[in-house]
Amino acid sequence: MSGLAPLLAAAPAGSRFGPHFGDLLNQLRHAGPKRLMVITDFDQTLTTYFGKDGQLGDQCHDIILHHLDLSEVSPEVAQTLRELNEWNHITESERMARCGNDPLRRSQATRQWFERFHKLSSEEGLKRFAKHCVAKSNVRAREKIQETFKWLETWDVPLLLVSAGLRELLVPVLENAGAPLPSNLSLLANSLDEATVSVTSREKQLALERVPDFKLRAQDRSHVLLLGDKPSDCSPLEGLPESPALKVGFLGQPSEDRFEEYLKFFDAVLVGDASMDFVNCLLDTVSSTSVM
């Protein structure tokens with residue numbers, strides 16, 4: 001484990017690692033950047049769990065639901081937005097209870113929520129409020145994400161960003177942090193302008209089918225680094241041939257139960273609203289024996 005010491009030191013205190021972390025890291029390092037692809041979530045993965053004000057950070061749809069001035073829209077639209085916001089903020093156990101504790105009905109409820117939001121957004125032109133809502137939001141990109149994107153650009157590593165969030169919001173959030181998305185990006189996300197829902201938080205296993213350009217660009221890539229903040233963020237791997245995949249999870253509010261759950265899916269679980277230092281150190285390890 002001595003060779004892992006600098007990398008482990010970059011992880012926040014209290015972070016935990018699965019039994020295969022060291023072996024997977026060695027596989028990625030031996031393969032090098034030319035065999036690597038990166039898949040990531042956005043909300044609470046590239047952004048922090050806690051926002052700029054110390055409160056729970058806004059996710060993409062929150063940015064509209066929390067910060068759109070309801071006096072700017074009709075009473076009917078305002079009421080629909082309130083109803084969407086109410087469902088968005090009840091606990092998962094309460095959502096399950098409303099769905100009769102039926103996982104299928106719960107999945108359908110998620111799809112219906114997204115469809116209702118995006119039908120309203122496209123019909124009412126909510127995109128016009130995006131810039132103002134982002135400016136009012138407490139959303140915060142993780143520190144050092146600029147270095148992450150620079151490494152991906154330097155080594156021409158394909159990046160797939162799979163987000164149930166909103167293109168018109170996630171792009172400016174990153175740009176405001178001085179971290180424009182790299183040119184080797186494939187993006188699967190929803191749009192304020194489109195009634196059609198591209199992806200929900202429960203459908204990420206279909207991501208690669210919906211982004212054929214990434215499959216083409218990554219066809220010679222055999223190793224994966226995946227970043228997420230919840231187990232479902234690992235689902236895009238289901239669309240790949242069996243490949244060595246090192247999975248890094250960000251856990252905003254750790255507990256023993258949540259560690260136990262996350263370590264079933266992730267090989268490294270980072271706590272404390274970690275910066276991207278650990279990820280950047282990991283990427284540097286991957287490229288340490290490579291020549292551009």
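Modeller: A definition first: two strands pair if DSSP finds at least two bridges between them. Keep in mind that this model is predicted.

Biologist: Which residue is the bridge partner of leucine 160 in β4?

Modeller: Start with the strands. β3 and β4 run parallel and are joined by five bridges. Look in β4 for the partner of leucine 160: this is serine 186.

Biologist: What is the handedness of the β-α-β crossover from β3 to β4?

Modeller: Follow the chain. After β3 it passes through α9 and then reaches β4. This β-α-β crossover is right-handed.

Biologist: How many residues of strand β4 are buried?

Modeller: β4 covers residues 185-190, six in number. The strand is largely enclosed by the rest of the structure, because most of its residues are buried: five of the six.

Biologist: Which are the edge strands of the sheet?

Modeller: The sheet is open and has seven strands, with mixed pairing. Their order is β1-β7-β6-β5-β2-β3-β4. An edge strand pairs on one side only, and here the edge strands are β1 and β4.

Biologist: Which residue of β7 is the bridge partner of phenylalanine 17?

Modeller: β1 and β7 run antiparallel, joined by two bridges. Strand β7 spans residues 268-270. Within β7, phenylalanine 17 has as its bridge partner alanine 268.

Biologist: Within what arc do the buried residues of α8 fall?

Modeller: The buried residues of this helix are Ile145, Thr148, Phe149, Trp151 and Leu152. Look down the axis of α8: these residues line one face of the helix, because they fall within an arc of 155°.

Biologist: What covers the buried residues of α8?

Modeller: The cover is built from both strands and helices. Among the strands are β2 and β3. Among the helices are α9 and α13.

Biologist: Which residue with a positive phi follows α8?

Modeller: α8 ends at residue 154. Beyond the helix comes a residue with phi near 50°, aspartate 156.

Biologist: Which two residues have the most contacts inside the largest nonpolar core?

Modeller: In soluble globular proteins, nonpolar side chains tend to be buried together. Here the largest nonpolar core has 69 residues. Leucine 282 is in contact with Leu7, Phe21, Leu25, Leu225, Leu246 and Val248, leaving aside neighbours within four places in sequence. Most contacts inside the core belong to Leu225 and Leu282.

Biologist: How many residues are in the other core?

Modeller: This other core lies apart from the largest one. Val211, Phe214, Cys234 and Val269 are among its members, and the full count is 23 residues.

Biologist: How many disulfides does a search of the whole structure find?

Modeller: Check the sulfurs. For cysteine 60, the closest cysteine sulfur is in cysteine 133, at 12 Å, too far for a bond. For cysteine 234, the closest is in cysteine 60, at 19 Å, again too far for a bond. Over the whole structure, the number of disulfides is zero.

Biologist: Is proline 231 buried or exposed?

Modeller: Proline 231 sits in the loop between β5 and β6. Its contacts, leaving aside neighbours within four places in sequence, are Glu261, Tyr262, Phe265 and Phe266. Buried means under 20% relative accessible area. The value for proline 231 is 15%, so this proline is buried.

Biologist: Which residues does glutamate 203 touch, not counting residues up to four places away in sequence?

Modeller: Glutamate 203 lies in the loop between β4 and α10. With 15% relative accessibility, glutamate 203 is buried. The residues it touches are Arg111 and Arg210.

Note on methods
Residues numbered from 1 in each chain as written. Predicted model: local features only at pLDDT ≥ 70, side-chain atom pairs only at ≥ 80, totals over all residues. Heavy atoms only, no water. Buried < 20%, exposed > 50% of the residue type's maximum accessible area, 1.4 Å probe, protein only. Helix = DSSP H or I, 4+ residues; strand = E, 2+ residues; numbered from the N terminus. Arc of directions from axis to C-beta. Contact = heavy atoms within 4.5 Å. Disulfide = S-S within 2.5 Å. Right-handed = clockwise from strand over helix to strand, strands pointing away. Core = buried A, V, L, I, M, F, W, Y, C linked by side-chain atoms within 4.5 Å.
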